[in-house]
Amino acid sequence: QESCVSDRMTWDEAVDRYMKHFDCKSLDDFQTKRRIGYYKSLWLYVHLIKSPECIVELGTLYGESSLFLACAIAGTEAKLVCVDPVLATGHYEHHEHDGTTASWSVDPHAVRQRILEASGLPESQLVFVPKTSAEAFKDWNGSKIDFLLVDACHRFQNVFEDCNWMQHVKMYGYAAFDDWSADVAGAVYLYTNQVNRGGWRLLHCSTEEPLGDWCVPILRRIG
């Protein structure tokens, strides 16, 4: 049973808090509009869940998506579980297809405080898991997931392994995938058509492009 619950944070409130905590001055430029459109898709589907219990994000980094997921469950008792090894190391590396590597430093404590302050969630409702998604999957306590966001390593094999988390999603729960590249799409297609055949239905895609960085398909478990 689903409903937009009136006493939960509105979309406009969530955007205002994002702009404040990420020092975003304007929503007018093209890239920002695309990014906000992506976040709105995530926020909306979580906000539609009447009594969410568990939201899981694979890949947190600076916590932008996490902030909107947290705002979407504010006013409920749901937990937001953020899984990312960067939450332990404070160091992130991205390996490009051309063989080059880009790296950034991340302050996990600052990320956590930003999410908590923006959303108003109690400490107990925000769970940081400083592990790879594969490590966290092995240690998962079996809790059923209302909404799963997969935004970790975007290579085919990694995404295919991350799809194992989909078995923990509740019936009629949701799974969303960030940066819908050929590798990501191929891994999800293989998993949902061979491993869990017929168990998922594509509901939504946040952009008109079939592939792209800000294209977020949202699937619903039906079997």
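Select Ile-222 to begin: this residue is found in the segment after strand 9 (217-221), where strands are DSSP runs of E with at least two residues, helices are runs of H or I with at least four, and both are numbered from the N terminus. The model is predicted, so local features need pLDDT of at least 70 and side-chain atom pairs count only at pLDDT 80 or more, while totals for chains, interfaces and linings use all residues. Residues are numbered from 1 along each chain as its sequence is written, and side-chain values use heavy atoms, with hydrogens and water left out.

**The surface patch**

Ile-222 has 31% relative accessibility and therefore counts as partly exposed; buried means under 20% relative accessible area, exposed over 50%, and partly exposed in between (1.4 Å probe, protein chains only). Add Met-171 and Tyr-172 to the selection: with Ile-222 they form a nonpolar patch on the surface, with about 280 Å² of accessible area together. Patch members have over 30% relative accessible area and no salt bridge; like charges are joined within 9 Å, and nonpolar side chains (Val, Leu, Ile, Met, Phe, Trp, Tyr) within 5 Å. Accessible areas come from the Shrake-Rupley method with a 1.4 Å probe, and for residues only the protein chains shown count as cover.

Keep Tyr-172 selected. Tyr-172 lies in strand 7 (residues 169-177) and is partly exposed, with a relative accessible area of 48%. Its phi is near 70°, a positive value in a residue other than glycine. Most residues other than glycine have a negative phi.

**The loop before helix 2**

Move next to Asp-23, in the loop between helix 1 (11-21) and helix 2. Asp-23 also has a positive phi, of about 50°, although it is not a glycine. Its side chain meets that of Lys-25 in a salt bridge (2.9 Å, N to O), the term for a side-chain nitrogen of Lys or Arg within 4 Å of a carboxyl oxygen of Asp or Glu. Both Asp-23 and Lys-25 are exposed.

**Helix 2 and its partner**

Select residues 30-47, which make up helix 2. At 1.5 Å a residue its 18 residues should span 26 Å, and the end C-alpha atoms are 25 Å apart, which agrees; the expected span is 1.5 Å times one less than the number of residues. Buried residues of helix 2 include Arg-35, Leu-42, Tyr-45 and Val-46.

Arg-35 forms a salt bridge with Glu-64, the closest N and O atoms being 3.7 Å apart. Because Arg-35 lies in helix 2 and Glu-64 in helix 3 (residues 64-73), the pair ties together parts that are 29 residues apart in sequence. Glu-64 is partly exposed, at 21% relative accessibility.

**The cores**

Leu-42 leads inward: together with Phe-68 and Phe-147, it has the most contacts inside the largest nonpolar core, which has 43 residues. Such a core is a set of buried Ala, Val, Leu, Ile, Met, Phe, Trp, Tyr and Cys residues joined through side-chain atoms within 4.5 Å. Apart from this core lies another, of 27 residues, among them Val-83, Ala-136, Met-166 and Leu-219.

Centre the view on Phe-147. Leaving aside neighbours within four places in sequence, its contacts (heavy atoms within 4.5 Å) include Leu-42, Tyr-45, Val-46, Leu-69 and Tyr-174.

**Strand 2**

Finish at Cys-82 in strand 2 (residues 79-83), a buried residue with a relative accessible area of 0%. Not counting residues up to four places away in sequence, Cys-82 touches several residues, including Glu-57, Ser-66, Leu-126 and Phe-128.
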